[in-house]
Amino acid sequence: MSKFSTRTVGRKRILLTGVAAAVMVGAAALPAAADSEPTEKELMADCASGVGKCTFNDPVVDKAYLGNYHQVSDTLYNCSTSDATQGLNWSDSVGSTDTFEVSVTAGGKIAGIVDTSVTAKYGHSWQVNHTDGGSMGMTVKPGEVGWISRAQVMREVSGRWQTHYDNPHWSHYYWYWDDTITSPAPNDTDGVKNAVVVKTRPMTADEKASCTARNGKVFTSRTKVENPGPDTPRHGRGGSGPIAGDNGTPAVNEEKKGVA
């Protein structure tokens, strides 16, 4: 009985080992799970790095408009009992962003692709950043704060990105997505001009309380008191999600999925 029992156990061990091997072979033969679809930011990162060969097609440049006012100087606090007249320096740097909050920097690959596309269609280059500065005098009444605020001429270009990979990425060679890039424009574009103004307002209760430590003096702070909120595309395209393709031509139903 003991010999029979030993051989039986041995066969069972062999059989179990064989089943385990078969399961491992079967698992290896199963196809890998399909890749998830990329985000626009991931595709843009591949355009910026050169991993994807990207073009920005059919650009449409909208009319220029004046962007949001935003604080560009220190803040002047008047804790005294008489008017405070003082000059403040200001500086401003405005960059470019796209629908998906991707920063477009001067000299970068994305900026170069957009500039090439716009220049080919419109005959002028696309500006992606602007820096300016100066000084202004202001008069701030007792119990008020003052600062310099600026608004930059802006414009948008909408188009459709296409990327081509040498090897499939997210299971496809080609991806398409709509996008709008918002950038500073040269002063007086389409008759719209940059604006620099002085703003004042009464101090808040906390600001008045801080005057106690200043012995009733006038002082400046680097703390910004103006909150303009984010700039958002006015005529933006995008938001429908990337569309896959395989042969360099628009994917099936691409126009139906895209944003008109």
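User: A disulfide is a pair of cysteine sulfur atoms within 2.5 Å. How many disulfides does a search of the whole structure find?

Analyst: This is a predicted model, where local features need pLDDT (the predictor's confidence in each residue, from 0 to 100) of at least 70, side-chain atom pairs count only at pLDDT 80 or more, and totals for chains, interfaces and linings use all residues. Residues are numbered from 1 along each chain as its sequence is written, and side-chain values use heavy atoms, with hydrogens and water left out. For disulfides, the search of the whole structure gives a count of two.

User: What is the torsion about the S-S bond of Cys47 and Cys54?

Analyst: The sulfur atoms of Cys47 and Cys54 lie 2.0 Å apart. Both Cys47 and Cys54 are buried, meaning under 20% relative accessible area, with exposed over 50% and partly exposed in between (1.4 Å probe, protein chains only). This disulfide is left-handed because its torsion is about -85°.

User: How many residues apart are Cys79 and Cys211?

Analyst: Cys79 and Cys211 form a disulfide with sulfur atoms 2.1 Å apart, and its torsion is about -70°, so this disulfide is left-handed. Helices (H or I, at least four residues) and strands (E, at least two) are DSSP runs, numbered from the N terminus. Cys79 lies in the loop between β4 and β5 (84-94), and Cys211 lies in the loop between α4 (205-210) and β13. The pair thus links distant parts of the chain, with a separation of 132 residues.

User: Which pattern do the disulfides of the protein follow?

Analyst: One disulfide is Cys47 with Cys54, and another is Cys79 with Cys211. With bonded cysteines counted along the chain, the pattern is 1-2, 3-4.

User: What is the angle between the planes of Tyr77 and Phe219?

Analyst: Rings of Phe, Tyr and Trp (its six-membered ring) pair if their centres lie within 6.5 Å; planes under 30 degrees apart count as stacked, over 60 as edge-to-face and the rest as tilted. The whole structure holds four aromatic pairs. Tyr77 and Phe219 form a stacked one, with a centre-to-centre distance of 4.8 Å and an angle between the planes of 5°.

User: Which strand holds Phe219?

Analyst: The aromatic pair of Tyr77 and Phe219 links parts of the chain 142 residues apart. Tyr77 counts as buried because its relative accessibility is 7%, and Phe219 counts as buried at 12%. Tyr77 is in strand β4 (residues 75-78), while Phe219 is in strand β13 (residues 218-221).

User: How far is the charged end of Arg214 from the centre of the ring of Phe219?

Analyst: A charge sits over a ring if NZ of Lys or CZ of Arg is within 6 Å of the ring centre and within 35 degrees of the ring normal. Arg214 has its charged end over the ring of Phe219, at a distance from the centre of 3.9 Å.

User: Which residue joins Trp161 and Trp177 in one aromatic cluster?

Analyst: Trp161 is buried at a relative accessible area of 0%, and Trp177 is buried at 2%. Trp161 and Trp177 form a stacked pair, 6.1 Å centre to centre with 15° between the planes. This pair links strand β10 (residues 153-169), where Trp161 lies, to strand β11 (residues 172-184), where Trp177 lies, 16 residues apart. The aromatic cluster holds Trp161, Trp177 and Phe56.

User: Which side chain makes a polar contact with the side chain of Thr75?

Analyst: Thr75 is found in strand β4 and counts as buried because its relative accessibility is 0%. A polar contact is a pair of N or O atoms within 3.5 Å; within protein, one must be able to donate a hydrogen and the other to accept it, and residues adjacent in sequence count only if both atoms are side-chain atoms. At 2.8 Å, the partner of Thr75 is the side chain of Gln71.

User: What separates the C-alpha atoms of Gln71 and Asp92?

Analyst: Gln71 is placed in strand β3 (residues 70-71) and counts as buried at 9% relative accessibility. Residues up to four places away in sequence aside, its contacts (heavy atoms within 4.5 Å) include Trp147, Thr223 and Lys224. Asp92 is 21 residues from Gln71 along the chain, with a C-alpha separation of 8.7 Å.

User: Where is confidence lowest in the protein?

Analyst: The average pLDDT is 84, and 77% of the residues score at least 70. Residues 1-34 stay under 50 and have zero contacts beyond four places in sequence, whereas residues 251-260, also under 50, have 19. Confidence is highest in strand β9 (residues 144-151), at 98, and lowest, at a mean of 36, in helix α5 (residues 254-257).
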